[in-house]
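Hi everyone, thanks for making time for this. I'd like to walk you through a structure that may be new to you, one piece after another.

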Amino acid sequence: MTKTPSPAEIDARLKQLGQLKAAIGQAIVGQSEVVEQLLIGLLAGGHCLIEGVPGLGKTLLVRTLGQALALEFRRVQFTPDLMPSDILGTEVLEEDHGTGHRSFRFQPGPVFTNLFLADELNRTPPKTQAALLEAMQEHTVSYAGVTHKLNEPFFVLATQNPLEQAGTYPLPEAQLDRFLLNIRVGYPTAAEERAILVQTTGGAGGVVPQVMTGEDVVDLQKWVRDVYVGEALLTWITTLVRATRPSPEAPQAVRDYVRWGAGPRAGQALVLAAKARALLNGRLAATRDDVAALAAPVLRHRILLSFAAEAERKSADDVVAALLAALPAPAAD
């Protein structure tokens with residue numbers, strides 16, 4: 001357990017988080033919920049899958065986050081011909097011109113960074129998609145029998161277009177489960193869209209200020225682990241996750257529309273995300289509202305829907321909403 005931060009340290013960090021939101025707002029118009037969920041994923045030490053149609057600023061959002069945090073940022077456009085070595089790195093043959101001795105040296109790939117944007121991850125074949133699994137789970141890359149540690153903090157943000165499916169390779173469930181949150185980016189409001197037009201068609205925008213460092217992020221990730229979660233809340237989270245699995249005792253929506261429910265990693269993700277949301281909002285204890293707000297982003301990509309759900313146009317969010325209604329939150333601790 002980490003050292004309990006003093007009130008002054010907490011105030012200073014919360015002020016930094018407020019400045020971070022403001023810095024991102026200089027480049028991103030609206031999307032406050034998306035920004036909050038992105039920061040929750042970062043503070044919880046997880047990875048995020050971002051879904052949205054082209055042109056909604058997903059790449060700009062990630063780049064802005066890297067600038068505001070003074071983190072190294074790399075973007076890879078995933079294509080059908082991308083190979084694992086294009087992400088992880090490869091060995092190159094070097095020769096010592098003095099002795100003539102030749103040896104192999106590992107040349108790190110773009111995954112050796114802090115913020116790694118996998119743009120349109122579902123456009124590359126499964127072999128290349130799987131190259132990210134070890135990096136996401138262990139924060140290491142194994143090549144030629146040698147394990148290389150990645151930089152900390154390490155944060156993967158993957159995007160995919162939820163509409164166009166031609167020429168895509170759906171992500172396997174094992175990889176989807178590695179993403180802490182599935183963030184949906186929707187269309188802006190009319191006022192926000194007008195503000196986007198003004199901001200992006202005039203002079204060059206201002207420089208996004210750096211407000212935090214990688215070390216600050218690592219410290220906050222340690223603090224998140226110590227945010228309090230009550231016994232009743234832990235029980236509710238366990239009940240919600242287990243209720244996503246079809247069984248005779250499951251809620252009606254699950255029995256009707258779910259083929260396969262979420263695994264134990266969903267409960268871990270929901271606890272950590274709730275803790276991170278609490279800290280982001282200046283609290284050292286998670287609440288029922290934190291869990292309810294993050295149930296859909298945590299569970300929507302971990303629930304496999306049935307053909308009946310597709311026929312009736314039911315989404316995973318509809319199932320999560322039904323679960324929250326059927327399994328009410330406990331009283332406050």
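Let me start with a small puzzle: where is R313 placed? It sits in the loop that links α14 (307-311) and α15 (316-326). Before I go on, please keep in mind that this is a predicted model. R313 is exposed, with a relative accessible area of 77%. Its backbone is worth a look too: phi of R313 is near 55 degrees, a positive value in a residue that is not glycine. As background, most residues other than glycine have a negative phi.

E120 gives us another case of this kind. Its phi is positive, about 55 degrees, and E120 is not a glycine either. You will find E120 in the loop between β5 (115-119) and α5. Is E120 buried, exposed or partly exposed? Partly exposed, because its relative accessible area is 24%, and the partly exposed class runs between 20% and 50%.

While we are on the backbone, here is a peptide bond to note. The bond from E152 to P153 is cis, with omega near -5 degrees. In general, most peptide bonds are trans. P153 lies in the loop between β7 (146-149) and β8 (155-160).

Now let's turn to helices. Two packed helices are described by the angle between their axes and the distance between the axes. Take helix α1, residues 7-25, and α2: their axes come within 11 Å and cross at roughly 130 degrees. That angle makes α1 oblique to α2, because it falls between the perpendicular range, which ends at 115, and the antiparallel one, which begins over 145. The crossing of this pair is right-handed. On the α1 side the contact is made by L17, L20, K21 and I24, and on the α2 side by V35, L39 and L43. Sorted by class, that contact has 6 nonpolar residues, no polar ones and 1 charged.

Next, follow α2, residues 32-43, over to α3, residues 58-69. These helices pack at an angle of about 55 degrees, with their axes 12 Å apart. So α2 is oblique to α3. The crossing of α2 past α3 is right-handed. Who makes the contact? From α2 we have V34, V35, L38, L39 and L42, and from α3 we have L61, L65 and L69. By class, this contact has 8 nonpolar residues, with no polar and no charged ones.

You may have spotted L65 there, and it leads us into the interior. Which residues have the most contacts inside the largest nonpolar core? They are L20 and L65, in a core of 77 residues. Helix α12, residues 264-280, supplies the largest share of this core, with 11 residues. Leaving out residues up to four places away in sequence, L65 touches L20, I24, L38, L39, L42, L115 and F155. Another core lies apart from the largest one; it has 24 residues, including L49, V76, F112 and M136.

Let me finish with three buried residues. C48 is in strand β1, residues 48-51. With a relative accessible area of 0%, C48 is buried. C48 and L157 are 109 residues apart in sequence, yet their C-alpha atoms are 5.0 Å apart in space. Beyond its neighbours within four places in sequence, C48 has contacts that include Q37, G41, F155 and L157.

Then there is P297, in helix α13, residues 288-299. P297 counts as buried, at 2% relative accessibility. Its partner across the sequence is N182: the two are 115 residues apart along the chain and 4.9 Å apart in space, C-alpha to C-alpha. Setting aside neighbours within four places in sequence, P297 is in contact with Q37, L180, L181 and N182.

And last comes T128, in helix α5, residues 126-129. T128 is buried, with a relative accessible area of 2%. What does T128 touch, not counting residues up to four places away in sequence? The answer is F78, L82, M83, P84 and I87.

That's my tour. Thanks for listening, and I'm happy to go back to any part of it.

Notes. Residues are numbered from 1 along each chain as its sequence is written. This is a predicted model: local features need pLDDT of at least 70, side-chain atom pairs count only at pLDDT 80 or more; totals for chains, interfaces and linings use all residues. Side-chain values use heavy atoms; hydrogens and water are left out. Axes are lines fitted to C-alpha atoms, for helices over the stretch in contact, and angles run from 0 to 180 degrees between N-to-C directions. Helices (H or I, at least four residues) and strands (E, at least two) are DSSP runs, numbered from the N terminus. Angles under 35 degrees count as roughly parallel, over 145 as roughly antiparallel, 65 to 115 as roughly perpendicular and the rest as oblique. A crossing is left-handed if the near helix is turned anticlockwise from the far one by less than a right angle, and right-handed if clockwise. Contact means heavy atoms within 4.5 Å. Ala, Val, Leu, Ile, Met, Phe, Trp, Tyr, Cys and Pro count as nonpolar, Asp, Glu, Lys and Arg as charged, and the others, Gly among them, as polar. A nonpolar core is a set of buried Ala, Val, Leu, Ile, Met, Phe, Trp, Tyr and Cys residues joined through side-chain atoms within 4.5 Å. Buried means under 20% relative accessible area, exposed over 50%, partly exposed in between (1.4 Å probe, protein chains only).
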